[in-house]
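Here's a quick tour of a model, for anyone who wants to get their bearings before opening the viewer. Have a look first, then read on.

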Amino acid sequence: MAALLEAIGLVKHYDVEAGGFFRRTRTALRAVDGVDLTIRSGETLGLVGESGCGKSTLGRLLIRLIPATAGQVVFDGQEITGLSPKALRAARRAMQIVFQDPFGALNPRMSVEETIMEPLLIHGARRSAETRQAVTRMLDMVGLPDSTRYRFPHEFSGGQRQRIGIARALILRPKLVVCDEPVSALDVSVQAQIVNLLSDLQGELGLTYLFIAHDLGVVKHISTRVAVMYLGKVVEVADKRSLYARPSHPYTQALLASVPVTHPSQRKRGVGAQPVIAGDIPTALAPPSGCRFHTRCPHVMPVCRTDEPAMRPVGTGHDVACHLVAPGPPM
Ligand code: SF4
């Protein structure tokens with residue numbers, strides 16, 4: 001599969017005030033700190049990590065909803081980090097986002113029809129029978145009856161609101177959709193419906209997804225490949241099968257161990273029986289030296305405290321940043 005999007009050395013630092021009441025200093029919050037990432041055309045790349053690791057910031061950087069501090073993003077052959085506002089607006093037709101909070105993402109004063117139609121109007125379409133037809137098609141695709149078009153967001157359940165958000169994101173027929181924790185705010189019973197809907201729409205419309213989640217259980221079914229992020233860095237990326245069968249970074253292993261195991265046969269095999277990761281994620285204002293995971297890693301060695309591990313291949317399409325792993329055969 002060819003690359004649809006490529007991020008090279010992507011950095012996002014926020015200038016913030018830190019310190020006590022009497023000694024405030026300005027410092028950089030390193031939300032994303034040097035990420036190289038490829039999203040292939042037609043795939044779903046799962047992006048996983050704890051809250052505060054920078055994954056949502058990375059998702060927004062990739063589609064230039066926020067400007068990068070440094071680095072490049074090449075989307076569909078075009079470098080988008082330096083685009084003018086006009087050129088960026090044209091490019092953004094092909095890059096859309098589905099937000100985590102389906103209620104907060106919708107304007108409570110806009111009807112379903114207005115909400116879904118708005119991106120078309122922003123991109124120059126006129127309100128017409130044709131744009132109303134486009135809304136009808138989108139409602140049908142996301143499984144909402146046409147009769148809902150004149151209703152308002154507060155009249156819907158969380159799952160239905162997320163369907164409206166998906167319809168709005170897809171009406172411009174984008175190539176890439178960033179799904180930013182699209183099921184985290186929903187009841188467990190509704191999560192699978194939304195994941196299945198996104199999966200069906202991907203097949204129907206030939207979409208490429210970046211699917212952001214905070215645990216590996218959620219992305220397992222929908223992802224083609226998975227990238228694991230820790231404190232502003234990607235620490236492991238692999239095909240889904242390889243990552244779940246052979247998680248190589250201690251942080252990925254800990255995330256997998258924290259996925260609840262429900263099937264008795266898995267429990268018998270000891271899946272999910274490893275200790276869950278201890279402590280909180282350190283602050284991005286002063287990330288640990290060397291390997292950023294060393295303050296929580298059960299396998300920490302002296303070198304981990306001083307030297308940052310580089311990404312190294314441990315198998316075909318499976319890269320890991322850890323001093324512990326032996327490099328695989330040359331690619
Ligand atoms: Fe643990 Fe060291 Fe590997 Fe970091 S580099 S994950 S501290 S073993």
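Below are some notes on strands, a helix and a cavity.

Keep in mind that this is a predicted model. Two stops are worth your time in the strands: an open sheet of four strands, and strand S8 (residues 208-213), which is largely enclosed by the rest of the structure because six of its six residues are buried.

**The open sheet**
- The strand order is S2-S1-S4-S5, and the pairing is antiparallel.
- Strands S2 (24-40) and S5 (78-79) sit at the edges with a single partner strand each, so one side of each has no neighbour in the sheet.
- S1 (residues 3-19) and S2 run antiparallel and share 14 bridges, with Ala18 opposite Thr25 in S2.
- Helix H1 (residues 55-62) lies across S1, S2 and S4 (70-75), at about 125 degrees to S1.

**Around S8**
- Thr208, Leu210 and Ile212 point one way from S8, while Tyr209, Phe211 and Ala213 point the other way, and all are buried.
- S3 (residues 44-48) pairs with S8 in parallel over five bridges, and Val48 faces Ala213 there.
- S7 (residues 176-180) also runs parallel to S8, joined by five bridges; Leu176 has Thr208 as its bridge partner.

**The cavity**
- Searching the whole structure turns up one cavity of 30 Å³ or more, and the largest cavity holds about 100 Å³ of space.
- Its lining has 14 residues, with Pro250, Cys291, Cys297, Cys304 and Cys322 nearest the centre.
- By type, the lining comes out as ten nonpolar, four polar and no charged residues.

How values were computed
Residues numbered from 1 in each chain as written. Predicted model: local features only at pLDDT ≥ 70, side-chain atom pairs only at ≥ 80, totals over all residues. Heavy atoms only, no water. 1 Å grid on protein atoms, 1.4 Å probe; cavity = no way out; pocket = protein on both sides within 12 Å on 5 of 7 lines; lining within 4 Å. Points joined across faces, edges and corners; volume = space filled by probe spheres on them. Nonpolar A, V, L, I, M, F, W, Y, C, P; charged D, E, K, R; others polar. Pairing = 2+ DSSP bridges. Contact = heavy atoms within 4.5 Å. Axes fitted to C-alpha atoms, helices over the stretch in contact; angles between N-to-C directions. Buried < 20%, exposed > 50% of the residue type's maximum accessible area, 1.4 Å probe, protein only.
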